[in-house]
Every structure is written in C-alpha cells, then in structure tokens.
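I opened this entry to look up how the parts of the model sit against one another. My notes follow in the order in which I checked things.

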2 protein chains.
Amino acid sequence: MARKVGRRGGNIVTIHDVARHVGVSPMTVSRVINGEKNVREETRAKVMASVEALNYSPNLAARSLATQDSARIGLLYSNPSVAFLSEFLLGILSESSQSGAQLLIESCEGPEGATAALEKMKAAGCDGVILSPPLSDSTRVAKILQDMKMPFVGVAMARPDPGVSCVTIDDFKAAAAMTRRLIELGHRHIGFIKGHPNAYASQIRFEGFSAAMANAGLEVDGNFVGQGYFTYRSGFDAAERLLSHKTRPTAIFASNDDMAAGAVAAAHRLGMEVPDQLTVVGFDDTAMASSVWPELTTVRQPISDMAGLSVRLLLDQIKGHRSGRPFEAVREVRDFSLIERQSSAVVAGPVVSS
Amino acid sequence: MARKVGRRGGNIVTIHDVARHVGVSPMTVSRVINGEKNVREETRAKVMASVEALNYSPNLAARSLATQDSARIGLLYSNPSVAFLSEFLLGILSESSQSGAQLLIESCEGPEGATAALEKMKAAGCDGVILSPPLSDSTRVAKILQDMKMPFVGVAMARPDPGVSCVTIDDFKAAAAMTRRLIELGHRHIGFIKGHPNAYASQIRFEGFSAAMANAGLEVDGNFVGQGYFTYRSGFDAAERLLSHKTRPTAIFASNDDMAAGAVAAAHRLGMEVPDQLTVVGFDDTAMASSVWPELTTVRQPISDMAGLSVRLLLDQIKGHRSGRPFEAVREVRDFSLIERQSSAVVAGPVVSS
DNA sequence: TGCAAGATTGGTAGCGCTAACAAACAGGCT
DNA sequence: AGCCTGTTTGTTAGCGCTACCAATCTTGCA
C-alpha cells in the first residue's frame with residue numbers, strides 16, 4: 001500500500017522515520033523526546049539533530065493513547081470580567097492543547113449554579129476541574145468537588161486552604177504595594193472599591209490596602225469604601241457613590257480593571273478629569289486596562305501563565321489520583337508587578353500633610 | 001495482568017465493553033456511535049441503550065489515531081476587542097476539543113505581523129488556520145496562506161471572496177436594520193463610527209448604514225462620521241470629535257460594542273446623558289455590551305457559534321486537502337438580530353421632521 | 001582477570017478505535 | 001429453485017506511541 005498522505009499537510013514524520021534516520025530504535029527516540037535519562041549524551045544529540053532536520057513532532061493522540069494518561073478536564077467559570085476570562089482562556093488553551101488534554105467548558109452563575117455544571121462535567125467523564133475566580137474561593141464548590149472525589153485546582157485563590165491545590169499571587173502584598181505607591185504620589189484620601197463578596201481575593205486585597213494605609217498612619221474613610229462585584233457597572237456605581245460625598249478621595253483603588261474602568265467613566269460623568277483631578281488604579285492588568293482611556297495604572301497578575309500552570313498541576317494531580325498516590329495539595333505563588341500608566345498621577349494641589 | 005485503572009477516574013469503558021454488553025461486535029458499536037447508516041434500527045437502539053447504561057464515551061485520542069484525521073489547527077488573531085476575542089475563543093474551544101483537534105494560538109499586530117506568526121504555525125505543523133477578524137479580510141494574509149497551500153477559514157468576513165471559505169453574517173443588512181430602527185425612533189441626525197480600515201466589515205457596515213439613511217431620505221453628515229479602530233479608546237476619541245461640532249447628532253451608531261462603550265464614556269465626559277440626550281448603539285453583542293452602563297442596544301452576531309462552525313469547516317477542508325479532493329470554498333451566512341437595551345431611546349425633544 | 005551492578009539500547013505487545021474487506025443474510029427477479 | 005443486488009454484521013490489521021522486560025555494553029572493584 002502506498003504510504004498514506006496522513007496528517008500535517010502531507011508531511012508525515014513518525015518516530016520510526018527519525019529512528020531510521022539516526023540508526024537507532026524507535027524506543028530510543030521516544031526516550032530522547034521525553035527527556036528520560038539513561039540515554040547517552042551522544043545518542044541524544046544525534047536524535048535531537050534528526051528531529052530538527054526532519055521537523056518531527058510527536059503525534060499527541062498516539063502518545064496519550066499509549067500512556068493512557070489522556071485526560072478530560074473541565075473548566076468552570078462564572079463571568080465577572082470578560083477581559084479576565086479571555087486571558088484566562090488563552091492560558092488554559094495553549095497549555096491544554098500542548099498536553100493533549102480535552103477541554104470541557106461550563107459557565108455558571110455563582111457558586112449556587114455550580115452544582116449542575118459539575119454534575120454535567122462528571123457525567124461527561126471529566127477527570128478533573130479547573131476553577132476560575134471567584135469560584136475557586138467558594139468552600140461550597142470545593143466541598144462538592146471533594147465529595148465527588150474529583151481532583152481540582154483553583155486559580156487566583158486568596159484563601160490559603162491547605163487541602164486545595166492552587167495557583168495564586170499574594171493579593172495582600174500586591175494591594176499593599178499599590179497602596180504604598182499611591183501614598184508615595186501624595187494621596188492621603190484614598191477610596192477603595194471592593195470586589196465580589198464571594199471572592200476571598202476581594203477581602204484580602206482590601207486587607208492589604210487597609211494595612212498599608214494603617215502603616216502610613218492614614219485612616220480608611222468608611223465613606224470612601226464601596227462594594228463592587230468585579231463588573232464595569234458595579235465599579236461605575238460604586239465610584240459614583242464614593243464621589244458623591246462632600247469631601248472626595250483624590251484616588252480610587254478598584255479591585256480589578258473592569259471596575260477601575262467603570263470608576264473612570266463615573267468620574268468623567270461627574271466632570272472630573274483622570275488623572276488630573278482623580279487618580280484611578282485597577283488590579284489584574286487585563287486587556288481592559290490598556291484599552292480604556294486613560295490607560296490604567298494597575299497591578300499585573302500573570303493570568304495567562306497562572307491558568308496554564310493550573311492545567312499542568314491538575315494533570316499531575318489526575319495522574320496521581322489514578323495511580324492511587326495520596327493527594328498532596330500544591331500551592332504555587334506567582335509574582336505580581338506594578339504597572340504605571342496614565343490613570344495615576346501625583347495628587348493635585350498642595351499635598352495634604354499627614 | 002490486572003485491568004488498568006485507566007482514564008476517566010477509574011471508570012474505563014471501551015467500545016468492547018459496550019459490544020460485549022449488547023452482544024454485537026465492536027465494529028457495530030463504532031458504526032452506531034458514528035451515526036453510520038446500514039445498521040438495523042433495532043440494533044442501533046440496543047447499542048444506544050447500552051452506551052447510556054454504561055456511560056460510555058469514546059476515547060478521542062484513539063479515534064483520531066485510527067482515523068488519521070487528527071488535525072492541528074492554528075488560530076490567528078489580532079486583538080481589536082477583548083470581549084470579541086473571548087467569545088470567539090469559547091466557540092473555537094468547545095468545538096475543537098470535541099473534535100479532538102489540537103489548537104495553536106498566535107496573535108499578531110495587524111496583517112503585517114501575520115507572516116511571522118504563520119511561519120511559526122507552519123513550522124509547528126499546523127494543518128490549517130482560522131482567521132479572526134479583521135485578519136480574515138486581509139488579502140495579504142489570504143495570499144500568504146494560499147502560497148503556503150494551507151487550508152484556512154475566515155470568520156466574520158465581509159468581503160465575498162469566492163475563493164475563500166468563511167462564516168459570516170450579512171453585515172450590510174445588519175447595519176441597515178439597526179439604522180432603520182434608529183430612524184424609527186425618530187432620529188434624523190445619526191453619527192457613525194467606522195471600524196478598523198483593514199476590516200472590510202467596517203466598510204460594509206458603513207455602506208449598510210448609508211443605504212438605510214438614503215432610503216429614508218436622510219443625509220449622512222460628513223461631520224458625523226468618525227474613523228475608529230474597534231477599540232474602546234478609538235470609539236471614545238471619535239465620539240468626542242463627533243460631539244464637538246456645533247450641531248450634534250442625536251444618535252451614534254458605532255461599528256462594534258467596544259467603540260460604543262467608548263462613545264458612551266465620551267458623552268458622559270461631555271456631560272451628556274445616555275440615552276436621554278444621546279442614543280448610542282453598538283455591534284456584535286459581546287459581553288461588553290451588557291457590562292457597561294447603560295447597557296448597549298446592539299446588533300447580535302453569534303460569534304461563538306460562528307467560531308465553532310469555522311472549526312468544523314476547517315476540519316472538513318483539511319480532510320479534503322489530504323485526500324486530494326479539489327478545494328471548494330464554503331460560505332456560511334448566519335442570522336443576526338437586534339438587541340434593544342438601555343442605551344437607545346426615542347429622540348429627545350420634538351422630532352425633527354425630515 | 002572475572003564478575004556484579006549499573007547504564008544504555010532493543011524487542012514485543014497493546015492502548016481504543018476504525019478503514020477495508022469479507023461474510024452472512026434478506027428480498028426480488030427470471 | 002437459482003441468481004443477483006443490496007443491506008447488515010463480523011474480521012483483520014494497524015494508526016504512532018510508550019510500558020515493560022530482555023539483551024547488551026560499561027564500569028568499578030575484588
């Protein structure tokens with residue numbers, strides 16, 4: 001039979017082709033591409049060269065069939081911020097397609113709606129679940145998953161539950177750092193817009209903010225703290241309320257970019273210029289931050305990386321779960337950074353002495 | 001050897017298990033689950049029942065290995081609107097994971113940056129590419145792909161290139177319908193914010209708008225037409241310009257939701273209420289539309305469905321390409337719909353007679 | 001020098017599925 | 001009845017890869 005045209009645009013290169021080309025067994029090639037030790041350095045080099053030369057790339061379907069570790073992973077999200085979701089998806093996607101994992105995506109309205117979605121995933125044969133914030137912080141959702149004996153990983157969790165694997169940044173430190181920066185810019189009256197009450201991250205961010213304020217000997221004015229829900233609209237509303245008081249804050253720290261964008265809009269509506277009359281900063285550094293005007297100063301959270309990492313963690317965990325290895329929660333903390341753009345400035349007028 | 005624990009949380013059910021359970025050959029089961037004809041109705045029913053009972057679900061890795069039609073598809077996007085991208089990804093994702101396709105995602109800055117990204121995809125062994133707008137309308141990108149002999153499908157193309165497969169809505173009709181609706185609401189002075197000049201869809205939408213205006217005997221005021229780039233910021237800027245003229249439009253039609261949101265922000269900044277003093281409408285019905293305040297009246301484009309469909313189309317095309325079947329472009333046109341929310345209203349004050 | 005212990009390679013089998021062919025069966029015709 | 005056509009089912013082989021074990025080659029050391 002004539003050689004099939006096969007995949008990759010008629011340019012089918014298998015592990016056998018590489019093996020023949022180098023003059024070793026397919027098994028050895030397999031070892032090299034899987035980075036196993038106990039391959040002589042010289043052999044490894046020859047194989048690698050051949051892989052390069054023939055432009056070989058492994059057939060993931062065959063690999064997962066052989067290793068029996070193909071996994072179906074579910075991604076559960078409730079959608080507070082589109083921009084966040086989009087970065088999140090990008091990260092999940094590139095990682096899961098690389099590892100040949102199948103993805104099943106479900107959305108739900110808050111933790112209450114999670115049960116149905118999780119049931120559906122279970123029925124569809126999911127081996128594990130990734131939880132996007134704010135679901136990741138819900139003890140309710142965690143409980144359901146644990147009862148199902150379903151491995152899962154939370155992303156951007158703020159609650160340090162020792163029994164749950166997660167990928168996070170240090171929200172407390174991040175919020176504190178941003179707050180210190182605002183204080184450095186001369187701001188003394190700083191407003192804060194909290195995120196969704198379900199999201200523990202919201203609370204931690206607020207605590208970081210409060211701590212930094214206290215540390216600088218500044219008071220957190222109750223009038224200047226607003227409740228939001230991570231949506232643009234909620235940031236808009238909260239900012240309108242904050243700015244309706246007789247004395248106004250000179251800066252507003254919103255717990256995510258969407259709300260910060262909403263706050264900017266509210267300020268504009270009230271005739272205030274940003275950042276001339278009001279500094280507004282956000283959190284996350286999603287695409288939203290650089291698409292509004294003025295572009296937002298914000299805390300960068302490597303969402304896409306974190307999401308990708310969570311896939312790897314989950315895959316590990318699933319493998320362990322199958323082989324009966326006792327569960328061990330992993331907690332990965334990533335670095336944040338402060339991104340200064342045009343929405344923040346030195347406080348207007350004479351700096352109020354503290 | 002003891003039965004392996006295998007995938008799906010220890011609950012491994014293969015086609016053989018189903019076959020044994022029903023008392024037929026695995027091949028018959030395969031036929032049933034693939035919906036082939038030439039299976040007796042009675043047999044089919046029994047198999048289906050068994051599939052249900054055992055909660056069988058096929059191993060996609062094995063299937064694509066056997067059918068040799070596992071494909072690696074590239075998704076190329078340049079990012080005008082995050083919200084759009086996010087919906088787009090969702091659609092691509094759920095479809096491609098169902099069909100077991102591998103995904104490779106690359107972004108690029110406009111058509112100029114596409115070459116490098118496409119080279120990378122080719123090197124990575126992609127079998128086909130999906131083009132998100134506005135890349136889908138670039139003849140430059142299409143040319144590169146054709147030279148590479150790489151199958152591709154464009155999403156939301158407006159240009160009816162007969163040689164290219166695509167999934168679209170009728171942008172002309174959609175824009176005209178929205179315009180008619182605005183006229184119905186009493187608006188006579190309607191502004192328009194165009195999208196990215198690269199995107200043919202922008203132009204078509206503008207043509208639809210113009211045609212509807214002309215049809216109603218209304219003039220399109222050059223001062224009321226602004227150039228945008230599909231970003232929030234560009235909508236903001238364009239709207240500011242439109243609204244700086246002595247006579248202002250009573251409504252602005254932006255060619256996407258991001259720009260409409262920007263236009264709302266600009267109006268607020270100028271002290272105008274939406275929709276009381278200005279109606280603003282968008283296009284796409286992305287999450288952006290319902291997350292800003294007031295929520296946007298817009299043209300709904302089923303982005304996620306369209307993206308999913310594009311994956312299926314591409315997969316078909318790849319299969320055809322491999323089997324040497326001559327290429328045949330497919331053009332799928334989906335329905336749009338008008339979504340009325342809070343950003344539009346009957347024109348303020350006495351309706352200007354035409 | 002001889003030999004155990006380790007390092008390095010190769011051979012075999014099979015992951016779960018389906019293409020391709022072969023066989024069995026039904027019905028309609030001469 | 002005997003044959004042909006079409007429908008329904010089964011059999012065989014193999015997709016590309018890796019787990020597992022066997023074979024071979026080193027090396028260190030008694």
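**Contact between the chains**

I looked up the protein interface first and found 47 residues of chain A in contact with 46 residues of chain B. I note that this is a predicted model. On the side of chain A that touches chain B, I listed the elements that each supply at least two residues: H4, helix H5 (82-98), strand S2 (102-107), helix H10 (232-242), helix H11 (257-269) and helix H12 (287-291), all of chain A. H5(A) provides the largest share of that side, nine residues. Sorted by class, the side of chain A that touches chain B holds 23 nonpolar, 17 polar and seven charged residues.

**Symmetry**

I then superposed the copies. Chain A falls on chain B after a rotation of 180° with 0.0 Å of shift along the axis, at an RMSD of 0.1 Å. I entered this as the relation of a two-fold axis. The same surface serves both copies, as 98% of the contact residues of chain A recur in chain B.

**DNA strand C**

Which residues are the closest to DNA strand C? I found 26 residues around this strand, and the closest are Ser25(A), Ile15(B), Ser30(B), Ala62(B) and Ala66(B). Helix H2 (26-33) and helix H4 (60-67) of chain A, with helix H2 (26-33) and helix H4 (60-67) of chain B, each supply at least two residues of the surface near strand C. H4(B) has the largest share there, five residues. I counted the classes near DNA strand C as 13 nonpolar, 11 polar and two charged.

**DNA strand D**

I repeated the lookup for DNA strand D. 26 residues surround this strand, with Ile15(A), Ser30(A), Ala62(A), Ala66(A) and Ser25(B) the closest. Two or more residues of the surface near strand D come from each of H2 and H4 of chain A and H2 and H4 of chain B. Here H4(A) gives the most, with five residues. The residues near DNA strand D divide into 13 nonpolar, 11 polar and two charged.

**Nonpolar core**

Last, I looked up the largest nonpolar core, which has 196 residues. Ile130(A), Ala263(A), Val280(A), Ile130(B), Ala263(B) and Val280(B) have the most contacts inside this core. I followed one of them, Val280(B), outward. Leaving out residues up to four places away in sequence, Val280(B) touches Ile252(B), Ala254(B), Ala260(B), Ala263(B), Val264(B), Ala267(B), Val274(B), Leu296(B) and Ser343(B).

Methods
Residues are numbered from 1 along each chain as its sequence is written. Chains are lettered from A and ligands numbered from 1 in the order in which they are written. This is a predicted model: local features need pLDDT of at least 70, side-chain atom pairs count only at pLDDT 80 or more; totals for chains, interfaces and linings use all residues. A residue is near a molecule or strand if its C-beta atom, placed from the backbone, lies within 6 Å of it. Helices (H or I, at least four residues) and strands (E, at least two) are DSSP runs, numbered from the N terminus. Ala, Val, Leu, Ile, Met, Phe, Trp, Tyr, Cys and Pro count as nonpolar, Asp, Glu, Lys and Arg as charged, and the others, Gly among them, as polar. A nonpolar core is a set of buried Ala, Val, Leu, Ile, Met, Phe, Trp, Tyr and Cys residues joined through C-beta atoms within 7 Å. A residue is buried if 20 or more other C-beta atoms lie within 10 Å of its own, exposed if 12 or fewer, and partly exposed in between; C-beta atoms are placed from the backbone. Two residues are in contact if their C-beta atoms, placed from the backbone, lie within 7 Å. Copies are superposed by least squares on the C-alpha atoms of residues with pLDDT of at least 70 in both.
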